[in-house]
Amino acid sequence: MKRFAATGLVAFLLAMLVPVTAGAQTDAPSRLRLDVAQLNPRVITTTSATLNVTGTVTNVGDRRISKLQVRLELGEKLTTERQVRAAMSGPAAAAASSTDFVDIEPATLEPGQTGQLAVTVRLDGTHGNLRIGSPGLYPLLVNVNGTPAYGGPARLASMSMLLPVLSAPGKSATGQNNPPAAFTMLWPIADTRPRIVAAPLGGTAVLSDDVLAGELRPGGRLYALVGSANAVRDDPQVTRSLCYAIDPDLLDTVEAMSHGYQVRTATGTVGGTGAETAKSWLQSLRELVAGQCVVQLPYADADLTAVTKVRGGDLLPFALDTGARMQELLGVAPQNRVLWADGALDQSTLAALSSAGVRTLITDPVDSATPVAGPVRLEGTQLRAQQADPLVLAGLAGASDASAVTSETPVDDPDVAAQNGLAALAFRGGLSGTPSRPVLVAPPHRWTAAQDELTGFLRNVGDLVQRGMLTPLPLPTLLTSMTTGSAKMSYTAEDLATATPSSVTEQMNSIESTMADLQGAMQIDPAARVQPAELLEPLRFALLRSTSSAWRPARGAAEASAADARSELDALLGRVTVDTPSVPISMASGSAPLPVSFNNRLPVQIAVRISLSNTPGLRVEQVPDRLVPAGLGGSERIPAEALRAGVFNLTVSLTTPGGTPLGHPARFELRSNEYGVVTLVLTIAGAAALVLLSARQIYRRVRARRA
C-alpha cells in the first residue's frame, strides 16, 4: 500500500473538532496534508503483535508549523450496520484506546516542506499502546497535532479508516459461528472519461488528450486494474468470484490507438505516443478474461435515461448491442442480457430496456426508502434487479451524503475506500455476528487505486475465503437465485439534477434527425461495398459519449462532447461538394444550360438535389435528383434563360432530397449579352402594340380632317 493518499483531509477544521491535547484549540484554515503510505497489517489476527503506520505530512499553509506529532486512536467495536456506516462517513468516534504522541521528523515545517511520520505500536493494551480485546470491526484514527505560528496547539490533519480484527492479538483464534457468506465481485475496467473526439470510418482516430496512454502503462490506473487481477490468478477461489465489467468504448479506443492515432492540441493534432502500449495492454486484458465471466457496461457508460429521449430511443441499440464487438476484441462474449448501468433509471427507461431484451440489471439498492434485500423484480417491467451490497458499496465508493463527510474520512480517496470496503466485506463475513445473505461487491465504475492497493485488497479477500468467512459465488450462479419480491427504482430529484442536460439531448435529437435523413439519401456502392449505417455508426457512438456518466461532475463537459459529435457530422456532410467555376460563365444565347459540377468523397452513393438561389432576372428549371457514385464526381446542365442582359451572381448548393445541406454553397458568376425568347416575344409584342396604337391615332386624325 504505497499511495494510501488522503488528499483534502484538512478542509474541515472547525470548532467541532475535539482537542486532543491539553490547551489545544481548533485551527480552521487548512494547514497540513496527510498522506499515509503504509498500514500494516490490514487485517488483525491472533499473530498480529504490532500495528505500523507510515506516511508524510506536508505544510500546505502560509506559516510555519512546529511541534508536529502523531498518534493512533482506536474507537469502540462497531456492532451494527448503522455504526459501520457512520464510521465510514462521519467524524471519528471517541477514542477507547490511544497511543502516545510520536514526533514527526522534522518537527517543524516551513510552508511547502514535508515531514515523515512513522508509528509502530503494540496491540497488547499496555501503556501507550492500543488495546484490542475481541474480534470485530474498529474505527482507527491517524491524528496529527501541531502548533502554527501565531496560534495554539491544534489537530491539523487526521484520517479515519476501519480496521478488521479477526482474532484478538495473542489469544486463540475463535471459530466461525455462522456459515460463510457467499460473495460475487465485479471488477470494473473503464476509462475515467471518453477520449475519442473523431473516429471516421477507415480513418485515424483523434483523442482529446494522450492521458490514456499513461493509464495503460505500468503505474497507470488501467494497468493496475488488469495487473492486480492477474496477480491473483493463482488463487482459484478469488478468480471464481470475479466477473469483469468492461466498457466497450474503452475497448474501441484502445484498439484504435493500437493502429496509430492523433491527439488534439490547442495548435492542431499531433501523433499519439501509446500505440505499442495499447497493443500490449489489450493483449493482457484478453489473457486475463479468457474463459472468465464478463459483463458489459453501456457504451461509454452512457446515461441511458438521456439516450432513450433521443428520437424515441433510436440510439439505445448502439448503447446495448455491443456483445459481438466485445467478443471480436476479447475472444469472450459478455453475459447475455445482463447490464451494469451507472445510477438510477426512470420508469420509461426501464421499460425501454425491457423491450430491448435486457433481463437483468446490476444496480445500487433500488429503493433507498424501503430497501429490499436480495434480487428483486422491478415493478412494471420484466427486469430483475441484482442489487449490490449497500454496506460494501458505501465502503468502496464512500458516503452518498456529502454533507456528512468531514476531513477525517475522505471518502473520495480510493485507498481509504479500498480498506473500508475490505472491512465492510469482513463485517458481512462474520464480524457482525449475524448470518449474511449473498454479497455482490460492486466498486465504482471508474475505480481508482494503486496496483499494490488493489492487489492487497484481492489477497486479503482470498484470506477471508481461506478462513471460512467467505465463499465464492460466480455471477451466473448468483443470477439464477430467486427474487425476493418486487420494488420500484427510486429516481429522485438529485438523479434528475445530475442527469445529462436537456440542452445536450436537444442537440443530440437534431444530430440524429440529420443522420436519419442522410442515411435515407445513401445507398451502398457496388464498388466500395460500405453500408450507409456502417458509415454513420461512429457518429452514433460519438452521441453516446455525449451522455457519459463521467461528465456529471464537470460543468459544460457534456455540451463540449456533443459539439465534437456535431463537428464529426459536419465533416461528413462536407465530403459532398459543388465546384465553384474558376472563371465567369458566359451564356452563348439567351437560353443556355448552366453547367454545375459536384464531387462525392463518401464511400457510398448519395442522392443530391441541386438548388439555386439569388436568381432575379434569370429563369431556372428544376432538375431531378441525382445519384452520385462513391468517390466520383458528377455534373448537371441546368436549363436557364436570361430575362435581361447583364451579370448574374448565383448561389448553387447541394442538399439531400430531405433538405439536409451538403458541403458549402458555391458562387457562380453568369454573364449574358442576349435576350432570351420570352424577352424577345415581349419586345415584339410591345412593338406591334405600339405600331397599332400609332396607326389608330393617325387614322382618327385623318377622319377628323375629312369631316
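# Briefing: pockets, a disulfide and an enclosed strand

The lining of the second largest pocket breaks down into 13 nonpolar, 6 polar and 8 charged residues. This is a predicted model, so please read everything below in that light. Alongside that pocket, here is a friendly tour of the cavities, the disulfide, and a strand that is largely enclosed by the rest of the structure.

**The second largest pocket**

- Its volume comes to about 700 Å³, and 27 residues line the second largest pocket.
- Nearest the centre of this pocket lie D252, R325, E537, P538 and F541.
- Four helices are worth selecting in your viewer: α5 (248–258), α8, α9 (323–330) and α17 (532–546) are the elements that each give two or more residues to the lining of the second largest pocket.
- Helix α17 gives the most to that lining, with 5 residues.

**F318 and its contacts**

- F318 sits in helix α8, which spans residues 316–320.
- Setting aside neighbours within four places in sequence, F318 is in contact with Y299, E537, R540, F541 and L544.
- Two of those contacts, E537 and F541, are also among the residues nearest the centre of the second largest pocket.
- F318 and L543 are 225 residues apart along the chain, yet their C-alpha atoms are separated by 9.9 Å.

**Cavities**

- The structure holds 3 cavities of 30 Å³ or more, and the largest cavity has a volume of about 90 Å³.
- Lining the largest cavity are 16 residues, with D191, R193, P194, D247 and D249 closest to its centre.
- Helix α5 supplies the largest share of that lining, 3 residues; α5 also gives two or more residues to the lining of the second largest pocket.
- By class, the residues around the largest cavity are 6 nonpolar, 3 polar and 7 charged.

**The disulfide**

- A search of the whole structure turns up 1 disulfide, joining C243 to C293 with an S to S distance of 2.0 Å.
- This pair links distant parts of the chain, 50 residues apart: C243 belongs to strand β13 (residues 242–246) and C293 to strand β16 (residues 293–296).
- The link of C243 and C293 is left-handed, with -65° about the S-S bond.
- C243 has a relative accessible area of 0% and is therefore buried; C293, at 12%, is buried too, because buried means under 20%.

**Strand β8 and its partners**

- Strand β8 covers residues 136–148, and 13 of its 13 residues are buried, so this strand is largely enclosed by the rest of the structure.
- In a regular strand the side chains alternate between the two faces of the sheet.
- In β8 both faces are covered: G136, Y138, L140, V142, V144, G146 and P148 are buried on one side, and L137, P139, L141, N143, N145 and T147 are buried on the other.
- Strand β4 (residues 65–74) runs antiparallel to β8 and is joined to it by 8 bridges; in this pairing, S66 stands opposite T147 of β8.
- Strand β9 (residues 154–165) also pairs with β8 in the antiparallel sense, over 11 bridges; here L140 stands opposite M161 of β9.
- Strands β8 and β9 form a hairpin with 5 residues between them, and Y150 in the turn has a positive phi of about 70°.

Definitions and conventions: Residues are numbered from 1 along each chain as its sequence is written. This is a predicted model: local features need pLDDT of at least 70, side-chain atom pairs count only at pLDDT 80 or more; totals for chains, interfaces and linings use all residues. Side-chain values use heavy atoms; hydrogens and water are left out. A disulfide is a pair of cysteine sulfur atoms within 2.5 Å. Buried means under 20% relative accessible area, exposed over 50%, partly exposed in between (1.4 Å probe, protein chains only). Contact means heavy atoms within 4.5 Å. On a 1 Å grid over the protein atoms alone, a cavity is a set of points where a 1.4 Å probe fits but cannot get out, and a pocket is an open set with protein on both sides within 12 Å along at least five of seven lines; lining residues have an atom within 4 Å of a point. Grid points are joined across faces, edges and corners, and a volume is the space filled by probe spheres set on the points. Ala, Val, Leu, Ile, Met, Phe, Trp, Tyr, Cys and Pro count as nonpolar, Asp, Glu, Lys and Arg as charged, and the others, Gly among them, as polar. Two strands pair if DSSP finds at least two bridges between them.
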